[in-house]
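I opened my notebook to look up a few spots in this chain. I'll jot things down as I find them.

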Amino acid sequence: MITENQYFDGQVKSLGYQTTAGKSTVGVINPGEYEFGTAQKEIMNIIEGELAVLFNGKSDWETFQAGSFFEVPANDSFKVKASVQTAYLCQYR
C-alpha cells in the first residue's frame with residue numbers, strides 16, 4: 001500500500017511505503033524552513049538538491065548535498081532549511 005503525506009500546508013509532500021526492511025517515504029521539500037519530530041530513528045537520504053539541518057541541541061547548521069544522508073534518533077526533533085526544491089528518501093528504523 002502507498003500512503004500520501006502532506007505537511008506545512010503542502011510545502012512538504014511524500015509517498016510512504018513498506019518493505020521487508022521497514023517503512024520508508026520518498027518526497028519533496030519546497031524552499032523554506034521546517035521543524036520535524038521523530039517517533040522512530042530516521043535516516044534521511046538526499047536524492048536531489050540540498051538541506052541545511054539543525055540538530056536538536058546544536059547551534060550550527062550542517063549542509064547535506066545530493067548523495068549524502070544524516071540520521072536522527074527516535075523521539076527527537078530537527079529543523080531543515082531548503083533553498084531549492086529537495087528530494088529525499090527517509091527510512092524509518
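First note to self: this is a predicted model.

Entry 1, a glycine. Is G16 buried or exposed? I found that G16 is buried, because its relative accessible area is 3% and buried means under 20%. I then checked where G16 sits, and it lies in strand β2, which covers residues 12-19. What does G16 touch, leaving aside neighbours within four places in sequence? My list for G16 reads M1, I2, T3, N5, S24 and T25.

Entry 2, a distance. I compared G16 with E42: they are 26 residues apart in sequence, and their C-alpha atoms are 13 Å apart in space. I also noted that E42 stands opposite Y92 in β10.

Entry 3, the sheet. How are the strands ordered? I wrote down β1-β2-β3-β10-β5-β8, an open sheet of six strands with antiparallel pairing. At the edges I found β1 (3-7) and β8 (69-72); each has a single partner strand, so one side of each has no neighbour in the sheet. Neighbouring strands here are turned by 25 degrees against each other on average, direction ignored. I picked out one pair too: β5 joins β10 (residues 86-92) in the antiparallel sense over six bridges.

Entry 4, the surface. I looked up I47 in strand β5, residues 42-48. I47 counts as partly exposed, because its relative accessible area is 47%, and that label runs between 20% and 50%. Which residues form a nonpolar patch on the surface with I47? I got I2, L15, Y17 and V26, and with I47 they have about 440 Å² of accessible area together. I2 was also on my contact list for G16.

Conventions: Residues numbered from 1 in each chain as written. Predicted model: local features only at pLDDT ≥ 70, side-chain atom pairs only at ≥ 80, totals over all residues. Heavy atoms only, no water. Patch = residues over 30% accessible without salt bridge, like charges linked within 9 Å, V, L, I, M, F, W, Y side chains within 5 Å. Areas by Shrake-Rupley, 256 points an atom, 1.4 Å probe, with all protein chains shown as cover. Salt bridge = Lys/Arg side-chain N within 4 Å of Asp/Glu carboxyl O. Helix = DSSP H or I, 4+ residues; strand = E, 2+ residues; numbered from the N terminus. Buried < 20%, exposed > 50% of the residue type's maximum accessible area, 1.4 Å probe, protein only. Pairing = 2+ DSSP bridges. Axes fitted to C-alpha atoms, helices over the stretch in contact; angles between N-to-C directions. Contact = heavy atoms within 4.5 Å.
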